[in-house]
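Here is a note in numbered points, written for a colleague who is beginning to read protein models. Please keep the sequence and the picture side by side while going through it.

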Amino acid sequence: MAETGRDSLLWNGNTETPALLASRCRDCGTKGFPPRTVCGQCYSTIQERITLPRRGTVFAFCRLFSRGDSYGKGPQTVGYILLEDGMLIPARLLFGDELLQIGTPVVLSAGPGKPPPEKTEQQSAYYFVPENKGEGRWR
Ligand SMILES: [Zn+2]
């Protein structure tokens, strides 16, 4: 059975078939992630919920080194993913160092995330992984 994520505004919480949630303006077609209630282009309040493509490429990334490791041991990698529909979104990446480069094809995935401070139960989180994830080292 799939875990349920806590960021229900951002994704469907399904670790088996994760999907990012967004909005699309019915007046001008502008998409928003996270989902918007007001269009950033035309200020229309008529917004529909959509899901974003699961595939894209790495547009930019950086490694974060901090003492407070919110997603487990080791540094984290975050960046921007250019989705198949042309949308650019921020996301966490799970990559082996040797595979991480601009333009690498990636796919949305999900798994265990950090428990929120007020809870002890494990929560799930979404992230992007390389499409050819059989290679390399993961973190
Ligand atoms: Zn609009």
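1. In this predicted model, strand β1, which covers residues 21-25, pairs with β3 in the antiparallel sense, and five bridges join the two strands. Two of the facing pairs can be followed by eye: Ala22 has Ile50 in β3 as its bridge partner, and Ser23 stands opposite Arg49 in β3.

2. Strand β1 also pairs with β2, again in antiparallel fashion, through two bridges. Ser23 is a helpful residue to look at here, since Ser23 stands opposite Gly32 in β2 and also opposite Arg49 in β3. Between β1 and β2 the hairpin has five residues, and Gly29 in this hairpin takes a positive phi near 85 degrees.

3. How are these strands ordered in their sheet? The sheet is open and has three strands in the order β2-β1-β3, with antiparallel pairing. Strands β2 (31-32) and β3 (47-51) are the edge strands, and each of them pairs on one side only. When looking at such strands, it is useful to remember that in a regular strand the side chains alternate between the two faces of the sheet.

4. The loop between β2 and β3 deserves a slow look, with two residues to pick out. Pro34 is placed in this loop, and the peptide bond leading from Phe33 to Pro34 is cis, with omega near 0 degrees. Tyr43 lies in the loop between β2 and β3 as well, and its phi is near 65 degrees, a positive value in a residue other than glycine. Is Tyr43 buried or exposed? Tyr43 counts as exposed because it has 10 C-beta neighbours inside 10 Å, and the cut-off for an exposed residue is 12 or fewer.

5. Taking the protein as a whole, there are eight strands and zero helices, so that a reader following the sequence meets the pattern β-β-β-β-β-β-β-β. Of the 139 residues in the protein, 22% are buried. Among the contacts between residues at least 6 apart in sequence, 47% join residues that are at least 24 apart.

6. The largest nonpolar core has 17 residues, and those with the most contacts inside it are Leu20, Ile81, Ala91, Leu93, Tyr126, Tyr127 and Phe128. The elements that give two or more residues to this core are β5, β6 (88-93), β7 (105-112) and β8 (124-130), and β8 gives the most, with four residues. Phe128 is a good residue from which to explore the surroundings: leaving out residues up to four places away in sequence, Phe128 touches Ile81, Ala91, Leu93, Val106, Val107, Leu108 and Ser109.

7. Tyr80 is found in strand β5, residues 76-83, and it is partly exposed because 15 other C-beta atoms lie within 10 Å, a count between the limits for exposed and buried residues. Apart from neighbours within four places in sequence, Tyr80 is in contact with Phe59, Ala60, Leu88, Ile89 and Pro90. Tyr80 and Phe59 are 21 residues apart along the chain, while their C-alpha atoms are separated by 5.4 Å.

8. Why is Pro130 counted as buried? Pro130 has 22 other C-beta atoms within 10 Å and is therefore buried, as the cut-off is 20 or more. Pro130 is found in strand β8, and from C-alpha to C-alpha it is 8.8 Å from Thr57 in space, although the two residues are 73 apart in sequence.

9. Finally, a word on confidence, which should be checked before any detail is trusted. The average pLDDT of the protein is 82, and 73% of the residues score at least 70. Over residues 1-6 the pLDDT stays under 50, and the model has 15 contacts beyond four places in sequence for this stretch. Over residues 134-139 the pLDDT is also below 50, and that stretch has ten contacts in the model beyond near neighbours in sequence. Where pLDDT is low, the predicted coordinates should not be read in detail.

Note on methods
Residues are numbered from 1 along each chain as its sequence is written. This is a predicted model: local features need pLDDT of at least 70, side-chain atom pairs count only at pLDDT 80 or more; totals for chains, interfaces and linings use all residues. Two strands pair if DSSP finds at least two bridges between them. Two residues are in contact if their C-beta atoms, placed from the backbone, lie within 7 Å. pLDDT is the predictor's confidence in each residue, from 0 to 100. A nonpolar core is a set of buried Ala, Val, Leu, Ile, Met, Phe, Trp, Tyr and Cys residues joined through C-beta atoms within 7 Å.
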